[in-house]
Amino acid sequence: MAYMKRSPWIIHYDGSSCNGCDIEVLACLTPLYDVERFGIINTGNPKHADILVVTGSVNEQSRQVIRNIYDQMPEPKVVVAFGICACSGGVFRECYNVDGGIDQVIPVDVYVPGCPVRPEQIIDGVVRALGVLEEKRARMKSGEPAEAGV
Amino acid sequence: MDILLFLLLAPLIAAVLLLALPDHPIRDWVVRVAAVVIGGASCYLLATAFDKGSQVVAFPTEPVGQVMTVLAVVIALYIIAMGAKYRKPVPIVLALVQAGLLLWFELVYAPGMHAEHNLFVDEFSIVMALIIGIIGSAICVYAIPYMRTYHGQHPEIPDHRRAFFFVLFVFLSAMFGIVFSNNLAWLFFFWEVTTLCSFVLIGYSGTTEAIDNSFLALVLNLVGGIGFVGALLWLGMTQGTIELDRLVGAGAAVALVPATLISFAGLTKSAQLPFSSWLLGAMVAPTPVSALLHSSTMVKAGVYAIVKFAPVLSGTPSGFFVGLVGGVTFLAASAIAVTQSNAKRVLAYSTVANLGLVVACAGIGTYEAVWAAILLIIFHAIAKSLLFMGVGSVEHQVHSRDIEDMAGLVTRMPRVGVMMLIGMAGMYLAPLGMLISKWATLRAFIDAPGGVVFLLLIAFGSAITVFFWAKWMGILIARPNRGEPIEDRVPREELAVLGLVAFLVIAASLLFPWISKFLLEPHVLSIYGHTAELGQDNIIIMLLMLGAVLVLPLSLLYFRSGRHRLAPYMGGRPTTADMHFSGSLGIQREMGLHNYYLEDWFGEPRTFRAGVVVTVVLIVLMFAGLFVAGGLA
Amino acid sequence: MINVLFAVAFLVLAPILGGLIAGIDRKLTARMQGRVGPPVLQPFYDVGKLLEKEHVIVSVSQNFFVLAYLVFIAFSGALFFAGGDLLLVVFALTLAHVLLVLGAYSATSPYSFIGAERELVQLMAYEPMVILAAAGFYLATGSFSVMEIAAFPRPLIAVLPGIFIGLFYVLTMKLRKSPFDIATSHHAHQEIVKGVTTEFSGSTLGMVEVAHWYETVFLLGLFWLFFAWSPVIAVIALAILYLAEIFIDNATARVRWGFALRSIWAVTLVLSAANLVWLQYFGGL
């Protein structure tokens with residue numbers, strides 16, 4: 001049964017974003033894009049979420065928090081990095097206080113670059129994440145660990 | 001009916017024996033054996049008398065009456081001496097007034113009034129005897145290990161345990177006396193003995209606070225006692241009978257004045273609102289005393305007297321105002337209980353509130369209301385004694401009475417914690433005891449004249465009740481992993497008594513249809529000619545719910561296995577199992593959780609003042625009602 | 001009098017009906033906001049997904065409390081539709097909500113703790129109105145039996161207008177809708193995350209959802225009693241009632257708990273007292 005794909009709940013964390021991507025993520029909830037069409041809800045609670053959406057790069061402050069939020073999410077779960085900073089650190093990559101992309105801390109399933117990432121891209125990224133989510137669910141069902149290679 | 005005499009005398013003999021014995025383990029055994037004997041005897045009373053209805057017993061009056069008069073004078077002298085010793089003029093004056101009035105009655109009127117039947121037993125007495133005999137004795141057994149720990153932890157308090165246990169058993173004897181007396185003069189004598197016993201027990205520790213509070217209790221109960229003597233005098237002047245069964249049978253035209261006066265005495269004894277402060281002050285006493293005062297003795301004597309006169313009060317203006325005092329007390333005391341974080345004070349206000357409900361039922365006095373009132377008395381006694389003893393055991397290990405310090409108790413003291421949860425559930429949740437009674441109370445109120453006022457009081461009051469019990473339960477089960485397990489330190493005997501009473505909470509709820517059928521319904525039927533009962537369907541539904549409540553915990557076995565355990569969500573901060581999180585600048589901090597106490601809403605001084613004003617007006621109206629009803633004309 | 005058949009029908013059909021109502025609710029809400037909104041079956045997809053998720057717990061006892069919550073919500077609804085005693089239904093419902101609160105307490109998180117406290121405030125706020133509503137039905141019909149109240153031949157709305165408005169006022173809170181969604185809310189991430197349900201996940205959260213569906217149907221059943229003399233009018237009235245709730249949900253902002261408590265108590269006291277006094281002393285109509 002493919003309920004997993006029809007009801008992806010999101011938690012959004014801002015690693016150290018300039019807020020550009022965050023605004024675009026919120027724009028997806030507005031009537032123009034209305035991601036609730038796909039059953040997507042912004043839960044704001046890792047215990048309820050299936051998809052962890054991260055914007056901005058990782059720094060010393062956000063490292064633990066990203067890890068903690070990720071650990072608190074029940075399986076199956078996927079991580080989407082929105083915006084170039086989340087993917088690789090972007091223009092801040094070389095900064096003394098930036099560690100780089102989200103994949104420095106947790107495994108990332110979908111990378112969506114952009115500066116800022118556009119709402120259409122965001123929706124596309126989440127839809128791709130749903131595919132990964134479904135795969136993980138199937139793996140979990142068959143008794144394997146949901147995170148392949150972890 | 002030798003069993004009545006046995007129940008009166010057995011505690012007394014035990015008391016004398018305890019006074020004579022030195023500090024030795026043998027004393028503990030005397031307490032245990034006496035408790036078992038008294039509990040067994042009250043069960044025997046149930047077995048032999050439950051189907052016989054109301055029975056009166058002739059018993060030689062004169063010699064016993066004279067002994068009582070002498071003892072009453074001795075009590076008065078003792079109070080005066082204590083008042084002189086601690087420089088308290090008010091109790092001396094009150095004791096003098098009361099003794100004077102009593103002597104006036106005994107010397108002028110009593111010789112002319114021959115009570116044919118001095119003792120009696122009916123279903124209500126049996127219920128009360130069971131409460132006193134089982135719960136009261138259980139508390140005495142609990143007191144053995146408790147007092148040992150108490151004196152271990154408080155070396156500054158002189159060890160008067162001999163006197164302590166002596167007074168405990170005298171108290172039980174006096175309580176049996178109250179519920180078996182058909183002669184009001186006898187009833188009054190036992191009434192005064194309980195006042196004296198509570199005075200001695202509250203002042204046990206001898207600290208200034210304890211002495212002050214014991215005198216407060218004494219003063220308020222003496223005020224009530226004067227009301228009681230007033231009733232005796234009025235009877236002596238106008239009626240010539242002091243037999244309870246005749247008075248109650250005679251109805252409002254004859255008995256309304258004494259009924260109102262005795263209700264006034266009952267209001268003081270059951271700590272209804274303008275008088276509630278003594279019961280709160282009584283918290284300074286060792287916990288078994290609180291458990292005893294709140295569950296099986298003292299306050300129950302107050303409501304017993306009022307419920308006894310309920311048929312007389314029914315439908316009269318005075319009865320209506322007695323009931324309103326109870327209703328207002330229920331609402332105000334429940335509200336104040338929300339603001340308290342001292343566990344014993346929460347329990348005390350909850351006692352005041354629940355007795356208010358009983359008084360409200362008695363004041364209304366219809367057959368449904370009396371039925372509900374007796375149910376309330378039964379379930380309150382069991383659950384409240386469990387809670388007091390639980391708090392006592394916890395206090396000795398945690399060294400605090402504060403509810404917030406009981407956080408995570410179910411992990412630190414699993415058995416005591418669960419038993420306290422049972423006790424609290426028994427106080428306010430369906431399908432356990434008190435809720436059955438509350439249900440009955442609601443039905444009784446709704447049919448009563450002027451019932452809308454009572455309905456509003458109980459609707460708001462019970463909503464508030466849910467709030468303060470549930471938040472306390474929540475604290476007990478919240479914050480696991482806090483502190484090491486400490487249950488091993490609780491004496492086994494305490495645990496055993498707690499277990500017994502917790503079992504009684506559930507058993508009484510299970511057996512409630514039979515309690516109703518064999519004790520309450522015949523009693524109400526014999527007074528009113530018709531009775532309240534719950535429909536067959538409703539009983540089945542209640543039992544279904546109870547079954548579900550008992551079976552559902554089995555699901556814990558299922559939920560225990562194969563689950564991924566995570567720390568609570570703390571806004572993304574890494575958190576340790578004992579709820580420390582890394583705060584700003586990487587400093588480890590402990591999470592703190594505190595209940596809502598709604599001080600701004602129900603703050604104690606304000607709510608208490610408002611309640612006192614209202615209830616004082618109501619009590620004035622209660623006496624004014626006598627003139628309206630023509631009782632004094 | 002108890003009709004077991006109705007109870008079974010409720011247990012089976014109420015989740016379906018309640019889920020559909022929740023779906024329509026979300027669709028209409030989206031339309032009011034100028035959005036397309038999720039499919040009507042979305043609530044079922046959500047619960048289906050939650051059942052597939054991993055079993056994650058904070059404390060062992062939390063699942064027990066939530067299971068017990070679901071059981072007693074379903075029980076009280078079944079008792080209601082079977083025609084049982086209205087007061088017992090109210091008490092069973094209180095028990096259910098206390099169990100939910102205890103589940104939230106046992107989870108130990110500060111967010112669920114605050115949610116639990118607020119849920120208790122809610123309970124304290126609406127409980128008097130619900131009890132007094134039961135009393136109102138009794139005074140109007142002479143019975144606490146839901147079956148007899150429902151069979152009452154005259155329109156109860158005409159004799160219980162105060163009770164009706166009062167109940168409608170607390171319905172917002174019971175349905176966890178704005179402005180009284182103080183204990184748990186989709187819109188309060190910043191303050192309380194998810195309040196009571198913060199620490200419930202997967203199938204446990206699914207049970208909370210299903211319990212909510214049961215409760216929605218039960219509440220609509222309670223309002224049905226006001227119009228029970230004519231089923232057609234009752235259906236129309238319930239539809240209007242629920243539409244009004246959705247509208248209020250979208251048109252108001254969440255209030256502080258103090259205001260919620262104060263205003264609900266004031267409404268309860270004034271309206272129900274007036275209505276009950278009128279019924280008891282002037283015999284209603």
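Two residues are in contact here if their C-beta atoms, placed from the backbone, lie within 7 Å. With that in hand, let us start from a single side chain and work outwards through this predicted model.

**A phenylalanine in chain C**

Leaving aside its neighbours within four places in sequence, C:Phe80 is in contact with C:Val89, C:Val146, C:Phe218 and C:Gly221. The last of these partners, C:Gly221, is 141 residues away from C:Phe80 in sequence, yet their C-alpha atoms are 8.2 Å apart in space. C:Phe80 itself belongs to helix α3 of chain C. Is this residue buried or exposed? There are 27 other C-beta atoms within 10 Å of C:Phe80, and 20 or more are enough for a residue to count as buried, so C:Phe80 is buried.

**Helix pairs in chain C**

Two packed helices are described by the angle between their axes and the distance between the axes. The helix that carries C:Phe80, α3(C), spans residues 60-81, and its axis comes within 7 Å of that of α1(C), residues 4-32, with a crossing angle of roughly 130°. The two helices α1(C) and α3(C) are therefore oblique to each other, and the crossing is right-handed. On the α1(C) side, the contact is made by C:Phe6, C:Ala7, C:Phe10, C:Leu11 and C:Ala14, while α3(C) brings C:Ala74, C:Gly77, C:Ala78 and C:Phe81.

A second pair to look at is α8(C) with α12(C), the latter covering residues 257-282; their axes are 7 Å apart and the packing angle is about 160°. That angle makes α8(C) roughly antiparallel to α12(C). The crossing of α8(C) and α12(C) is left-handed. Among the α8(C) residues that take part are C:Gly162, C:Gly166, C:Tyr169 and C:Met173, and they meet a set in α12(C) that includes C:Ala260, C:Ile264, C:Leu271 and C:Asn275.

**Where chains B and C meet**

Moving on to the neighbouring chain, 48 residues of chain B are in contact with 55 residues of chain C. On the chain B side, at least two residues each come from α20 (433-447), α21 (451-477), α23 (536-551), α24 (555-560) and β3 (564-565). Which element supplies the largest share? That is α21(B), with 15 residues.

The nonpolar interior can be followed here too. The largest nonpolar core holds 362 residues, and B:Cys361 and C:Ala92 touch the most other members. At least three of its residues come from each of the two domains of chain B. C:Ala92 touches B:Ala430 and B:Met545 in chain B as well as C:Phe72, C:Phe75, C:Ser76 and C:Leu79 in chain C, not counting residues up to four places away in sequence. Another core, of 39 residues, lies apart from this one and includes A:Ala49, A:Val54, A:Val58 and A:Met73.

**The two domains of chain B**

Chain B is divided into domain 1 (1-313) and domain 2 (314-551 + 579-633). Their C-alpha centres lie 24 Å apart. Across the boundary, 49 residues of domain 1 of chain B are in contact with 63 residues of domain 2 of chain B. Several helices each supply at least two residues of the domain 1 side, including α5 (123-153), α10 (252-269), α12 (287-296) and α13 (299-308) of chain B. The helix that gives the most to this side is α5(B), with 15 residues.

**Backbone details worth a look**

Some backbone angles in loops deserve a moment of your time. The table gathers two cis peptide bonds and two residues that have a positive phi without being glycines.

| Site | Feature | Angle |
|---|---|---|
| A:Glu75 to A:Pro76 | cis peptide bond | omega near -15° |
| C:Ser178 to C:Pro179 | cis peptide bond | omega about 10° |
| B:Met298 | positive phi, not a glycine | phi about 50° |
| B:His399 | positive phi, not a glycine | phi about 60° |

A:Pro76 sits in the loop between α3 (60-72) and β5 (78-82) of chain A. C:Pro179 is in the loop between α8 (161-174) and α9 (189-192) of chain C.

For the two positive-phi residues, the surroundings make a nice contrast. B:Met298, in the loop between α12 and α13 of chain B, has 28 C-beta neighbours inside 10 Å and so counts as buried. B:His399, in the loop between α17 (367-398) and α18 (409-412) of chain B, is exposed, with 9 other C-beta atoms within 10 Å.

Conventions: Residues are numbered from 1 along each chain as its sequence is written. Chains are lettered from A and ligands numbered from 1 in the order in which they are written. This is a predicted model: local features need pLDDT of at least 70, side-chain atom pairs count only at pLDDT 80 or more; totals for chains, interfaces and linings use all residues. A nonpolar core is a set of buried Ala, Val, Leu, Ile, Met, Phe, Trp, Tyr and Cys residues joined through C-beta atoms within 7 Å. A residue is buried if 20 or more other C-beta atoms lie within 10 Å of its own, exposed if 12 or fewer, and partly exposed in between; C-beta atoms are placed from the backbone. Domain bounds come from an automatic or database domain assignment. Axes are lines fitted to C-alpha atoms, for helices over the stretch in contact, and angles run from 0 to 180 degrees between N-to-C directions. Helices (H or I, at least four residues) and strands (E, at least two) are DSSP runs, numbered from the N terminus. Angles under 35 degrees count as roughly parallel, over 145 as roughly antiparallel, 65 to 115 as roughly perpendicular and the rest as oblique. A crossing is left-handed if the near helix is turned anticlockwise from the far one by less than a right angle, and right-handed if clockwise.
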